[in-house]
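Here are some exercises to work through with the model open beside you. Try each task before reading its solution.

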Amino acid sequence: MSLLLELNFKQKNATRLFTAIGGFSAYLLIKESTKLSMALGAIMALMLRNPTIVYVFFITIPRDVIAAFRFLKLNIFLYYMEYKKWSLARIFQEKYRRIPDKCCFLMDDRQFTFREMEEFSNKVGTYFLEKGFRHGDCVALFMETRPEYVGLWLGLSKIGIITALINSNQRRETLRHSIEAAKAKAIIVGTELATFLEDVWQNEDLKRLPIFQFSDEEQRDYDNFNLIKEAIDITADLKQQIPQNLQVYIEQCKPKDKLLYVYTSGTTGLPKAAVITNLRYLFIAAATHYMVAIKPNDIVYDALPLYHTAGGIVGAGNALIFGCTVALRRKFSSSNFWKDCIKYKATVAQYIGELCRYLMSTPRKPEDTLHNIRLMYGNGLRPQIWSQFTTRFNIPNIGELYGSTEGNSNLANVANQVGAVGFIPIIARTLYPVQVIRVDEESGEPIRDYNGLCKRCAPGETGLLVGKVDSRRAVTSFHGYSDQKASEQKLLRNVLKKGDVYFNSGDLIVVDILGYFYFKDRTGDTFRWRGENVSTQEVEAIITNVIGLQDCVVYGVEIPHVEGKAGMAAIKDPEHKVDLNHLSVGIRGSLPSYAQPLFIRLMTEIPRTGTFKMKKRELMLQGFNLHTISDPLYYLNKDGVYRPLDDKQYQLLLDGKAGL
C-alpha cells in the first residue's frame with residue numbers, strides 16, 4: 001500500500017513534468033525544430049498514457065544499466081568461447097599457462113597451484129586412457145570434498161569421459177540407483193566412503209564395474225584404512241604415472257559434449273542425473289562470475305559440497321575458468337565459517353539454502369565482523385533474515401541468484417534488493433526468455449485461453465516461472481536428464497505462441513511493479529484448505545521467526561472425508577525447548593485461520609539432503625499417523641492452542657467427525 005501511495009504521489013509530480021515537456025515541445029515546433037519536437041512529443045504522449053511505466057523506467061535505469069553491462073560481458077565471453085570451440089579442459093589449460101604458480105585451491109593447510117592441478121589432471125587422463133576408457137564413457141565419482149576431487153573429473157574430461165558426481169551422503173538403494181542411472185562403466189571412490197559403497201556391492205549390476213579407490217596421504221596412516229577387496233588403489237599409481245601429451249584428446253572435446261552428470265536433490269523421489277555439457281558448465285559459472293561481479297583476484301570461500309552445482313560449478317568454476325583462488329572445506333561448519341574466511345583471507349563467500357540461518361543461530365563472537373568479505377552470493381537467503389544477516393556480519397553486498405542445475409530460468413539480484421531473487425528491466429520484460437505465466441497454484445497446471453495458449457501475469461499476481469528453450473544459445477538451452485522421459489516431463493509446449501517450448505521451473509513467483517522477482521513457493525507445496533491456497537513458504541517464515549530460527553518445514557496432509565489438505569508443521573526440537581503456548585499465540589497473531597497448521601510435529605532431526613534441503617515429501621507421506629510416528633504430535637484445538645493429539649481425537653479425524 002505504501003508503495004502505491006508513493007507511486008501516486010510521484011505520478012502527480014511526473015504529470016507536471018510531462019506538461020512542461022509538452023509546452024517545451026510546442027515551443028520547439030513554433031521554432032521549426034521539427035525532429036526534436038516530434039521526439040519530445042512522442043515521449044510526452046507515452047508518459048501521459050502510462051506515467052507509472054515511465055516513472056519505473058527512469059528510477060530503475062541505474063540498476064538496469066549495470067545489469068545490462070554485466071550481461072553484455074557475459075554474452076561476449078560465451079560467444080567467444082563457442083567461436084573458439086574450447087572445452088572446459090582447454091579453457092583451464094589456457095588459464096594454467098598464464099598463472100601456473102598461483103594458488104588454485106586451498107583446503108586446511110594444503111595448497112594446489114594451477115600447475116599442480118594441471119599435472120594431476122593430466123596424470124588422471126593418461127591413467128584412465130591406458131586402462132582402456134574412451135570418449136563418451138561415464139565414470140561415477142563417489143568422494144568427499146578435496147582439491148583432487150576437481151582434478152579427477154577434470155582429468156577424465158580431457159579424454160572425453162563424462163563424470164557422474166555422486167552425492168557423498170547417498171546410501172544403499174539411492175546410491176545404487178544413482179550409479180545405474182548414469183550407466184557408469186567404473187567407479188572412483190574415496191577411502192572415507194568405501195564401506196558405504198560395499199553396502200550396495202551385492203547388486204549383480206554393480207559387481208561387474210571396476211572400482212578405483214583414492215586416498216589422501218593422511219588417510220593411509222589410519223589404523224582403519226580400508227581397501228575394498230575388488231578395488232584398485234590408484235593413489236600411488238597416479239603419483240608414479242608419467243603423463244602423456246593429451247592435447248589431441250582435448251582438441252577433440254567440443255563445447256556441447258557432455259562433461260558431468262549432476263544429480264537433483266531427490267526431495268521428491270529418487271535423484272535424477274542432470275546433463276551438464278562443457279558449455280552448460282561454462283554458462284553457469286560465467287553467469288555467476290560476471291553478474292555478481294567477482295574479480296579474478298578474489299579469494300572465494302566455498303564450504304559447499306563439490307558434487308552439487310553450487311559448490312562444484314558456481315564455486316569451483318571461478319578457479320577453473322577465471323583464475324580465482326577457491327578455498328574449500330570438507331563439510332560446512334557454522335562455528336568455523338567466519339574463522340575460515342579470516343584464515344584464508346577470503347573476499348567472497350558462497351551460501352545456499354539454510355546456511356545463512358545456521359550462521360545466524362550461532363552465538364555472537366568477534367570473528368563475525370573481523371573478516372574481509374565484500375560479497376556473499378548464492379540462493380535461498382530467506383527474506384525475513386536478510387537485513388539481520390547483512391547487519392550482524394557486516395556484509396556490504398548480497399548476490400542472490402535464481403536457477404537450477406538442469407533449468408534455463410536464470411535470474412540475478414545485483415541490486416541488493418531485500419528478498420528478491422532477481423529482476424528483469426521493464427523494457428526487456430516481454431523479450432527476455434524468462435516469463436511468469438498464470439497457473440493453478442494447487443495443481444501447478446498452466447491456465448490456458450480458448451486458443452490453448454498461456455497468459456503472462458500482471459505485477460503482483462502469483463504465477464509459474466518458465467524459461468524459453470532455444471538450443472542455439474547457452475543461456476536458453478535445456479539438456480535435461482540422462483532419462484529422456486524425465487526430461488520431457490519438464491517441458492511445456494505452446495505456451496505464448498504455437499510451437500514454442502518452455503522449461504517448467506515448478507516455482508511460483510510474484511513480480512512487483514519495478515520488475516523484481518520474489519519466490520513464493522513450489523508448485524505442489526502450495527496446498528488448498530478451506531477454499532484458500534496456502535503457501536508453505538510463508539507459513540514456514542512465520543513459524544521460524546516465532547520459534548527463534550529453528551528448522552521448520554510446512555506441508556499439506558490429507559484427512560479422510562475432508563476436501564483439500566490440512567497444514568502440518570514439522571519442527572526440529574531435540575532439546576524440547578519449543579513452547580507450544582507461545583507458538584500458538586504467534587501463529588494466531590500472524591496467520592489467517594485457513595493458513596494456521598492443524599498439526600505440529602516436534603522432531604529430533606528433520607531429514608535433509610546434502611545441500612540442506614528438507615525432504616518434505618518423505619514427511620508428507622507419513623502424514624499424521626499416530627500409530628507409526630514416534631515423534632510428539634499436536635493438534636490445533638478449537639481454543640486456538642496446540643494440544644497433544646490423542647487416540648480419541650485421531651479417531652474422530654479418521655471417521656470424519658472432528659468438525660473440520
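Two strands count as paired if DSSP finds at least two bridges between them, and helices (H or I, at least four residues) and strands (E, at least two) are DSSP runs numbered from the N terminus. Keep in mind that this is a predicted model, where local features need pLDDT of at least 70, side-chain atom pairs count only at pLDDT 80 or more, and totals for chains, interfaces and linings use all residues. Residues are numbered from 1 along each chain as its sequence is written, and side-chain values use heavy atoms, with hydrogens and water left out.

**Exercise 1. Get an overview of the chain.**

Step 1: take stock of the secondary structure. The chain has 23 helices and 28 strands.

Step 2: check burial. Buried means under 20% relative accessible area, exposed means over 50%, and partly exposed is in between (1.4 Å probe, protein chains only). Of the 660 residues, 56% count as buried.

Step 3: look at the surface. Accessible areas come from the Shrake-Rupley method with a 1.4 Å probe, and for residues only the protein chains shown count as cover. The chain's accessible surface is about 29,500 Å², and carbon and sulfur atoms hold 53% of that.

Step 4: look at contacts, meaning heavy atoms within 4.5 Å. Among contacts in the chain with a separation of 6 or more, 68% come from residues 24 or more positions apart.

**Exercise 2. Trace the strand pairings around β11, starting from β10.**

Step 1: go to β10 (residues 299–302). Four bridges tie β10 to β11, and the two run parallel. Ile299 sits opposite Thr325 of β11.

Step 2: move on to β1. Strand β11 (residues 325–328) also runs parallel to β1, with three bridges joining them. Here Phe105 faces Val326, and Leu106 is opposite Ala327.

Step 3: which way do the side chains of β11 point? Thr325 and Ala327 go one way, Val326 and Leu328 go the other way, and all are buried.

Step 4: follow β1 to β2 (residues 110–113). These two run antiparallel and share four bridges, with Phe112 in β2 as the bridge partner of Phe105. The hairpin has two residues between its strands, and Asp108 takes a positive phi near 55°.

Step 5: how many residues of β1 (residues 103–107) are buried? Five of its five, so the strand is mostly covered.

**Exercise 3. Pick apart some salt bridges.**

Step 1: fix the rule. A salt bridge needs a side-chain nitrogen of Lys or Arg within 4 Å of a carboxyl oxygen of Asp or Glu. Side chains of opposite charge can pair when their charged atoms come close. A search of the whole structure turns up 25 salt bridges.

Step 2: try helix α5 (residues 88–98). Arg97 and Glu94 both lie there, three residues apart, about one turn of the helix. Their side chains meet in a salt bridge at 3.8 Å, N to O. Arg97 is partly exposed, at 47% relative accessible area.

Step 3: widen the view. Arg90, Glu94, Arg97 and Glu251 are linked in a salt-bridge network.

Step 4: turn to Lys365 and Asp368, whose closest N and O atoms are 3.7 Å apart in a salt bridge. Which residue is buried, and which is partly exposed? Asp368 counts as buried at 3%, whereas Lys365 is partly exposed at 23%.

Step 5: finish with Asp639 and Arg643, a salt bridge with its closest N and O atoms 2.5 Å apart. Asp639 is partly exposed at 41% relative accessibility, and Arg643 is also partly exposed, at 38%.

**Exercise 4. Find a nonpolar surface patch, then check Asp64.**

Step 1: set the patch rule. Patches are made of residues with over 30% relative accessible area and no salt bridge; like charges are joined within 9 Å and nonpolar side chains (Val, Leu, Ile, Met, Phe, Trp, Tyr) within 5 Å.

Step 2: spot the members. Phe58, Ile61 and Val65 make up a nonpolar patch on the surface, with about 260 Å² of accessible area together. Phe58 belongs to helix α3 (residues 51–59) and is partly exposed at 47% relative accessibility.

Step 3: now Asp64, found in helix α4 (residues 61–84). Is Asp64 buried or exposed? With 11% relative accessible area, Asp64 is buried.

Step 4: what does Asp64 touch, leaving aside its neighbours within four places in sequence? Its contacts are Phe423, Pro425 and Ile426.
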